Amino acid sequence: MLGVNAEAFLELTLAFAVTRLPEKLYFRLLGLTPVAAGAGAPGDPEGAEVFAGQVVGDAVARMAARVPFRALCLQQSIAVHRMLRRRGVASAIVFGLRPAGGAGRDDLAHAWVTVRGSTVSGLIEDLESYAVLARYG
């Protein structure tokens, strides 16, 4: 069995490679399907599934800083989701968009992972300012 850091490295590498394919194809290859906003019962933030999500999310974030490519939030989210699925923990990859708020500036997109309503990966300071576009599980 792989250690969590080695597993995170392999999953990040796979996510980096697969996201070079067209979006519809890699969603299908990864088995990602849309999930409803309220999917999965909200849980106790101290629960075992949320804790497992935080451990995996932290491991992926650590490895993302060490891989020989730039592992963006999308690749990190895919890695976390796949690792949690392997552990039997239901999670969702959430895609959001925040308007940049200036003329000629692009909107800012972000992806993060939730377990029972708690963000376990991709947590950033202004996450609440993002409008959720889609959830995949």
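Leaving out residues up to four places away in sequence, which residues does Gln75 touch? In this predicted model, the list runs to Leu12, Ala15, Phe16, Thr19, Arg20 and Arg70. Gln75 itself sits in helix H4, which covers residues 73-86. With a relative accessibility of just 2%, Gln75 falls under the 20% cut-off and so counts as buried. Its side chain also reaches back to the backbone nitrogen of Leu72, at 2.8 Å.

Before going further, a word on confidence. The chain has a mean pLDDT of 88, and 88% of its residues reach 70 or more. Among the elements of the chain, H4 comes out with the highest mean, 97, while helix H2 (residues 23-30) has the lowest, 90.

Helix H2 is home to Tyr26. Is Tyr26 buried or exposed? Its relative accessible area is 6%, again under 20%, so Tyr26 is buried. Setting aside neighbours within four places in sequence, Tyr26 is in contact with Val18, Thr19, Leu21, Leu74 and Ile78. Thr19 turns up in this list, and Thr19 is also touched by Gln75. Then there is Ala15, one of the residues that Gln75 touches: the C-alpha atoms of Ala15 and Tyr26 are separated by 9.2 Å, with the two residues eleven places apart along the chain.

Now for the sheet. Four strands make up an open sheet, in the order E3-E2-E1-E4, and the pairing is antiparallel. Strands E3 and E4 (131-136) are the edges, each pairing on one side only. Going from one strand to the next, the twist averages 40 degrees. Helix H3 packs on this sheet, where it touches E2 and E3, and its direction makes about 30 degrees with that of E3. H4 packs on the sheet as well, touching E1 (92-98), E2, E3 and E4; here the direction of the helix makes about 15 degrees with that of E2.

What do the ends of H3 say about its length? Helix H3 takes in residues 48-64, which is 17 residues, and at 1.5 Å a residue it should span 24 Å. The end C-alpha atoms are indeed 24 Å apart, so the expected span and the model agree. The buried residues of H3 are Val50, Gly53, Val56, Gly57, Ala59, Val60, Met63 and Ala64. These buried residues pack against helix H1 (4-18), H4, E2 and E3.

That leaves the hairpin at one side of the sheet, where E3 is an edge strand. Strand E2 (residues 108-115) and strand E3 (residues 118-121) run antiparallel and are joined by three bridges. Across the pair, Thr114 stands opposite Thr119, and Val113 stands opposite Ser121. Two residues lie between the strands of this hairpin, and Arg116 has its place in that loop. What is the phi of Arg116? The angle is near 50 degrees, a positive value in a residue other than glycine. As a rule, most residues other than glycine have a negative phi. As for its surroundings, Arg116 has a relative accessibility of 35%, which lies between 20% and 50%, so it counts as partly exposed. Gln75, by contrast, is buried at 2%, and Tyr26 is buried at 6%.

Key. Residues are numbered from 1 along each chain as its sequence is written. This is a predicted model: local features need pLDDT of at least 70, side-chain atom pairs count only at pLDDT 80 or more; totals for chains, interfaces and linings use all residues. Side-chain values use heavy atoms; hydrogens and water are left out. Buried means under 20% relative accessible area, exposed over 50%, partly exposed in between (1.4 Å probe, protein chains only). A polar contact is a pair of N or O atoms within 3.5 Å; within protein, one must be able to donate a hydrogen and the other to accept it, and residues adjacent in sequence count only if both atoms are side-chain atoms. Contact means heavy atoms within 4.5 Å. Two strands pair if DSSP finds at least two bridges between them. pLDDT is the predictor's confidence in each residue, from 0 to 100. The expected span of a helix is 1.5 Å times one less than its number of residues. Axes are lines fitted to C-alpha atoms, for helices over the stretch in contact, and angles run from 0 to 180 degrees between N-to-C directions.
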